[in-house]
Amino acid sequence: MLPASIQITGELLSATEVLDICESLKEDGVRLLSVRGCQLSDRDFGRVCRSVAASRSLAQLNLNLGVVSSLSRTRQLADALATNRSLQTLFLHGSPLLDAGLAALNPALSTHPALVCLDLGDCMLGEEALALICGMLPPDGAKSGLRELTLSANPRIGSKGWARFAIAVAHSSQLRVLNLDYNPLGDQIAAMLAVAVASSRTLEVLDLEGTGLTNQSAQVFLDMVENYPTSLRVLVLAENDISPELQQQIIDLLSEGEDEDSRDAPPGLRGRTPSSALQPIREKHQPLTWLPHSNSGPPMVMLTSGLGESLLAETEM
């Protein structure tokens with residue numbers, strides 16, 4: 001029997017339900033586990049972590065929206081990740097990790113042999129955490145690293161941290177998708193990121209929605225895509241003080257690049273939409289209070305990242 005998916009959103013999980021989940025994990029019967037926004041006791045969370053450690057089939061784990069709610073839970077998750085060898089995608093969006101939590105997770109995250117997609121959006125991270133994340137984007141020839149990274153809505157990170165991060169992005173040998181939406185970056189940091197994008201041979205999607213940019217940043221990106229070769233295919237600039245005309249010019253130039261790639265592709269691949277051109281379906285910044293914790297109504301299904309799914313397929317091939 002093929003591994004199944006368990007996807008529950010915003011529920012109060014009973015001990016019986018948790019035991020069922022754990023048994024399925026231990027029997028390698030789960031490929032995707034999502035308990036996004038769910039409530040469970042510390043004891044049950046520990047049980048889930050131990051089962052994650054033992055699982056050889058689990059490829060995607062979604063603990064978004066406050067499931068990892070304390071440093072003790074973060075350490076339990078770190079222990080699980082240190083043992084697990086199958087996980088490829090980890091969602092922790094909306095977890096109050098702080099720098100201390102990321103420091104606890106870092107040894108397991110940076111050495112995990114299969115992890116390629118990581119969501120740390122809205123995790124209250126600062127400069128120290130971002131310095132550790134830079135280590136997850138190794139330069140050419142060092143080791144495998146993340147292909148998709150989300151750092152949305154972490155306003156504690158300052159310009160010094162983002163400058164160092166831009167250098168890591170420029171030299172990363174793996175990163176394809178970078179989501180930085182709803183961080184107060186401004187034009188100065190955006191200019192550094194433009195240089196990083198121009199240097200990168202792999203980055204295809206960059207989300208800068210709601211990051212305090214103006215036409216000055218848009219003009220820099222326009223000059224980049226118009227005059228220099230780049231792997232970039234999607235640039236999100238919504239919710240910024242940028243004219244629609246400039247945004248459309250950038251979109252048109254990126255689309256021209258996709259058309260050229262399609263013509264250059266082998267006949268069997270022409271006409272197919274590359275997975276990197278698809279907008280990732282993921283958590284967008286919003287208050288954590290929007291999600292009700294209730295046992296009424298059926299569980300909701302969590303949609304996973306489009307690129308994350310394609311990365312799973314690539315690993316299987």
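What follows is a conversation about reading a predicted model.

Colleague: Let's start broad. How many helices and strands are there in the chain?

Modeller: Keep in mind that this is a predicted model. The chain has ten helices and nine strands. It counts 317 residues, and 53% of them are classed as buried.

Colleague: And how do the contacts spread along the sequence? What share of them join residues at least 24 apart?

Modeller: Take the contacts between residues at least 6 apart in sequence: 86% of those join residues at least 24 apart.

Colleague: Now the sheet. In which order do the strands come, and is the pairing parallel or antiparallel?

Modeller: Nine strands make up an open sheet, ordered β1-β2-β3-β4-β5-β6-β7-β8-β9, with parallel pairing. Its edge strands are β1 and β9 (234–236), each of which pairs on one side only. On average, neighbouring strands of this sheet are turned by 5 degrees against each other, ignoring direction.

Colleague: Can we walk through the pairing at the β1 end? How many bridges join β1 to β2?

Modeller: Strand β1 (residues 4–7) runs parallel to β2 and is joined to it by four bridges. For a pair you can click on, Ser5 has Leu32 in β2 as its bridge partner. Between these two strands the chain passes through helix α1 (residues 15–26), giving a right-handed β-α-β crossover.

Colleague: What does the next step, from β2 to β3, look like?

Modeller: β2 pairs with strand β3 (residues 60–62) in the parallel sense, over three bridges. There, Leu33 has Leu61 in β3 as its bridge partner. The chain gets from β2 to β3 through helix α2 (residues 42–54), and this β-α-β crossover is right-handed. Then β3 pairs with strand β4 (residues 89–91), again parallel and over three bridges. Leu61 turns up in that pairing too, with Leu90 in β4 as its bridge partner.

Colleague: Is β2 largely enclosed or open?

Modeller: Burial is read residue by residue, and the cut-off for buried is under 20% relative accessible area. In strand β2 (residues 30–34), four of the five residues are buried, so the strand is largely enclosed by the rest of the structure.

Colleague: What about the loops on either side of it? Is Asp28 buried or exposed?

Modeller: Asp28 sits in the loop between α1 and β2. Its relative accessibility is 18%, so Asp28 counts as buried. Beyond its neighbours within four places in sequence, Asp28 is in contact with Pro3, Ala54, Ser55, Arg56 and Ser57. On the other side, Ser41 lies in the loop between β2 and α2. With 36% relative accessibility, Ser41 counts as partly exposed. Try a distance there as well: Ser41 and Leu12 are 29 residues apart in sequence, and their C-alpha atoms are 9.4 Å apart in space.

Colleague: On to the helices. How are two packed helices described?

Modeller: By the angle between their axes and the distance between the axes. Here, α2 and helix α3 (residues 71–83) pack at an angle of about 15 degrees, and their axes are 7 Å apart. An angle under 35 degrees counts as roughly parallel. So α2 and α3 are roughly parallel to each other, and their crossing is right-handed.

Colleague: Which residues meet between α2 and α3?

Modeller: From α2, Asp42, Phe45, Gly46, Cys49, Val52 and Ala53 meet Arg73, Gln76, Leu77, Ala80 and Thr83 of α3.

Colleague: How do α7 and α8 cross?

Modeller: Helix α7 (residues 186–199) and helix α8 (residues 215–227) have axes that come within 9 Å and cross at roughly 10 degrees. That makes α7 and α8 roughly parallel to each other. On the α7 side the contact includes Ala190, Ala194 and Val197, and on the α8 side it includes Val220, Phe221 and Met224.

Colleague: Last one, backbone angles. Which sign of phi do most residues other than glycine have?

Modeller: Most of them have a negative phi. In this model, Leu98 has a phi near 60 degrees, a positive value in a residue other than glycine. Leu98 belongs to helix α4 (residues 98–111), and at 33% relative accessibility Leu98 counts as partly exposed. Tyr182 also has a positive phi, near 60 degrees. Tyr182 lies in the loop between β7 (177–179) and α7, and its 27% relative accessibility puts Tyr182 in the partly exposed class.

Conventions. Residues are numbered from 1 along each chain as its sequence is written. This is a predicted model: local features need pLDDT of at least 70, side-chain atom pairs count only at pLDDT 80 or more; totals for chains, interfaces and linings use all residues. Side-chain values use heavy atoms; hydrogens and water are left out. Buried means under 20% relative accessible area, exposed over 50%, partly exposed in between (1.4 Å probe, protein chains only). Two strands pair if DSSP finds at least two bridges between them. A crossover is right-handed if, with the strands pointing away from the viewer, the path from the first strand over the helix to the second runs clockwise. Axes are lines fitted to C-alpha atoms, for helices over the stretch in contact, and angles run from 0 to 180 degrees between N-to-C directions. Angles under 35 degrees count as roughly parallel, over 145 as roughly antiparallel, 65 to 115 as roughly perpendicular and the rest as oblique. A crossing is left-handed if the near helix is turned anticlockwise from the far one by less than a right angle, and right-handed if clockwise. Contact means heavy atoms within 4.5 Å.
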